Amino acid sequence: MLRIAVQSKGRLYEDTMNLLKEADIKVSESKRTLLVQSTNFPLEVLFLRDDDIPQSVASGVADIGVVGENEFEERQEDAHIIRPLGFSKCRLSLAIPKTIDYTGISWFNGKKIATSYPGILRRFMNKNNIQADIHVITGSVEISPGIGLADAIFDIVSSGSTLIHNNLKEVEVVMKSEAVLIGNWKMDDEKRKILNELLFRFEAVQIARDKKYVMMNAPKDKVADIIKVLPGIKSPTIIPLSDPEWCAIHTVLDEARFWEIIGKLKELGAQGILVSPIEKMIL
Ligand SMILES: Nc1ncnc2c1ncn2[C@@H]1O[C@H](COP(=O)(O)OP(=O)(O)OP(=O)(O)O)[C@@H](O)[C@H]1O
Ligand SMILES: O=P(O)(O)OC[C@H]1O[C@H](OP(=O)(O)OP(=O)(O)O)[C@H](O)[C@@H]1O
Ligand SMILES: [Mg+2]
């Protein structure tokens, strides 16, 4: 049995539980139970506050865990990042009141900075030879300059709207972060085997996530041109139709380039284009 630490509530909870679900690992989501066994996979889920996840993995209370890279970096616990998971993307930034003229990093000399990430901030300031007064608060960091508690803040930024609402501007990005799967350094062979199966499933889900399965009909004399604009897995599938002049083409497209490619396909004479999500993909 492998034990995974998952945030009990908050930003990471839903995406982590969805990932397990998409990997066909069933875990009942009763909020009051802190340790739940999957009914169809040798995995046990331990629900914790995200602050405690790095330590629980480092100490071996859990074998693996899902946590923001920022939190993992802050805690400096002796565990390792197994792989990034692609959700909860954000950055840790320094921000100051928007009316202030920012003169560069030396502006922070002698300033008071409010943050929930004192470790990362201290290391960043030391690296840049800045003497700043770090004031630790656990939440609502962005309010601090407005109420005279600090001159600046160091906190999570995603869309930037919290900063705007609090009349702040982002002046330095210190680190980028996303949810990561972390692991204990020591795991016996049986646990390693379960972890590998879990990673295999995660990968199948993650690869499929930003891909679409696309089907279309095309005149046969245009197939060569159409294939040139299709970056398929290996090569697209071509299926004959009852009309000898036409055929069907099936392929997989990246969501990022989807609209651009669909536009080209239409120009080349493709018709009846159907698009479906892909649940899992094994390369
Ligand atoms: N606005 C955001 N956009 C994207 N990711 C975010 C955002 N805010 C936080 N995160 C990421 O999600 C993680 C968890 O955020 P959350 O706000 O749930 O933490 P928390 O309040 O410390 O939770 P807990 O109660 O478990 O201690 C953060 O460490 C960060 O990696
Ligand atoms: O750049 P934005 O998109 O505005 O996101 C940044 C905000 O998101 C997080 O807070 P959250 O919304 O999770 O609230 P909480 O930490 O105060 O509970 C984080 O602490 C920032 O305040
Ligand atoms: Mg926390």
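Colleague: How many Å apart do the C-alpha centres of domain 1 and domain 2 lie?

Modeller: Happy to walk you through that one. Bear in mind that this is a predicted model. The two C-alpha centres are 30 Å apart. As for where the domains run, the assignment gives 2–88 + 179–208 for domain 1, 90–177 for domain 2 and 211–277 for domain 3.

Colleague: How many residues of domain 1 and of domain 2 are in contact?

Modeller: A general idea to start: interface size is often quoted as the accessible area lost when the parts come together. Here we can count residues instead. Seven from domain 1 are in contact with eight from domain 2. On the domain 1 side, helix 3 (residues 69–75) gives the most, with four residues. That side has no nonpolar residues, but four polar and three charged ones.

Colleague: Why does ligand 1 lie between domain 1 and domain 2?

Modeller: Look at who supplies its shell. Ligand 1 lies between the two domains because both of them give residues to the shell around it. There are 16 surrounding residues, and the closest are Gly10, Arg11, Gly68, Cys90 and Ser158. By class, the shell divides into three nonpolar, seven polar and six charged residues.

Colleague: And which element gives the largest share of the shell around ligand 2?

Modeller: That is strand 9, with three residues. Strand 9 spans 152–157, and helix 5 (161–165) also supplies at least two residues. Among the residues around ligand 2 are Arg11, Glu142, Asp155 and Ser158. This shell has two nonpolar, six polar and three charged residues.

Notes. Residues are numbered from 1 along each chain as its sequence is written. Chains are lettered from A and ligands numbered from 1 in the order in which they are written. This is a predicted model: local features need pLDDT of at least 70, side-chain atom pairs count only at pLDDT 80 or more; totals for chains, interfaces and linings use all residues. Domain bounds come from an automatic or database domain assignment. Two residues are in contact if their C-beta atoms, placed from the backbone, lie within 7 Å. Ala, Val, Leu, Ile, Met, Phe, Trp, Tyr, Cys and Pro count as nonpolar, Asp, Glu, Lys and Arg as charged, and the others, Gly among them, as polar. A residue is near a molecule or strand if its C-beta atom, placed from the backbone, lies within 6 Å of it.
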